[in-house]
Amino acid sequence: MKILSILCIGLLFLVHGAIGQENSPIKRFEGRGQMNSGQRILDLSYQNLDKVPISANDATIEILILDNNKLTQLPNWIGQLSNLRVLSVRNNNLQDISSALGQCTKLEQLYLSGNSSLFQLPNLSSCRNLMFVDVVDTKIQDIPVSIRTMDQLYYFKYSTP
């Protein structure tokens, strides 16, 4: 059942990535349904951010969405997000990813597509729950060695030259 819910969340993010890149004003409706009880989601997409606000340094956050901003890097404190399961930083200006991301041992899904200057991933072998990685439209054009050895990885999406 847990895998099914993870796959559903993954599908939600894939669909969001496909249709959520419009330039129209973004609105959000928070319905009555609940995901997992107590699950914390922080959505800072489309905020024109050039750095991640310190208010996002909250260890209770499970899903952090930073899509469509102007971020050039992730802060080193990202590794302190001990409950982070999903990180989406699509369509920013990331050039590299802090190795501190490898300290997010509960990370299951990582979405980095649309960061055209991003050329490598840090070693994520400590992220033993990582199942989905999307680096389409980055300079990452091959599967990193640390990713190849991850037994639980289900999906690695990348562009070739």
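**Exercise 1. The sheet and its edges**

In which sense do strand β5 (residues 132-135) and β6 pair, and over how many bridges? Describe the sheet to which these strands belong.

*Solution.* The model is predicted: local features need pLDDT of at least 70, side-chain atom pairs count only at pLDDT 80 or more, and totals for chains, interfaces and linings use all residues. Residues are numbered from 1 along each chain as its sequence is written, and side-chain values use heavy atoms, with hydrogens and water left out.

Step 1. Strands are DSSP runs of E with at least two residues, helices are runs of H or I with at least four residues, and both are numbered from the N terminus. Two strands pair if DSSP finds at least two bridges between them.

Step 2. β5 and β6 pair in the parallel sense over four bridges. Within this pairing, V135 stands opposite Y158 of β6.

Step 3. β4 and β5 also run parallel and are joined by three bridges; here Q109 is opposite F132 of β5.

Step 4. Six strands make up an open sheet with parallel pairing, in the order β1-β2-β3-β4-β5-β6. The edges are β1 (41-43) and β6 (155-158); each has a single partner strand, so one side of each lacks a neighbour in the sheet. On average, neighbouring strands of this sheet are turned by 5° against each other, direction ignored; the axes behind this angle are lines fitted to C-alpha atoms, for helices over the stretch in contact, and angles run from 0 to 180 degrees between N-to-C directions.

**Exercise 2. The faces of β5 and an aromatic cluster**

State which residues cover the two faces of β5, and then describe the ring pair of F132 and Y154.

*Solution.* Step 1. In a regular strand the side chains alternate between the two faces of the sheet. In β5, F132 and D134 lie on one side and V133 and V135 on the other, and all are buried. Buried means under 20% relative accessible area, exposed over 50%, and partly exposed in between (1.4 Å probe, protein chains only).

Step 2. Rings of Phe, Tyr and Trp (its six-membered ring) pair if their centres lie within 6.5 Å; planes under 30 degrees apart count as stacked, over 60 as edge-to-face and the rest as tilted. This rule gives three aromatic pairs. One of them, F132 with Y154, is edge-to-face, at 5.8 Å centre to centre and 75° between the planes.

Step 3. This pair links distant parts of the chain, with F132 in strand β5 and Y154 in the loop between α2 and β6, 22 residues apart. F132 is buried at a relative accessible area of 5%, whereas Y154 is exposed at 61%.

Step 4. Ring pairs join F132, Y154 and Y155 into a cluster.

**Exercise 3. Residues in loops**

Locate N91 and D137, and give the phi of N91 and of D137.

*Solution.* Step 1. Most residues other than glycine have a negative phi. N91 has a positive phi near 55°, and D137 has a positive phi near 60°.

Step 2. N91 belongs to the loop between β3 (86-88) and β4 (109-111) and is partly exposed, with a relative accessible area of 23%.

Step 3. D137 lies in the loop between β5 and α2 (145-148) and is exposed at 52%.
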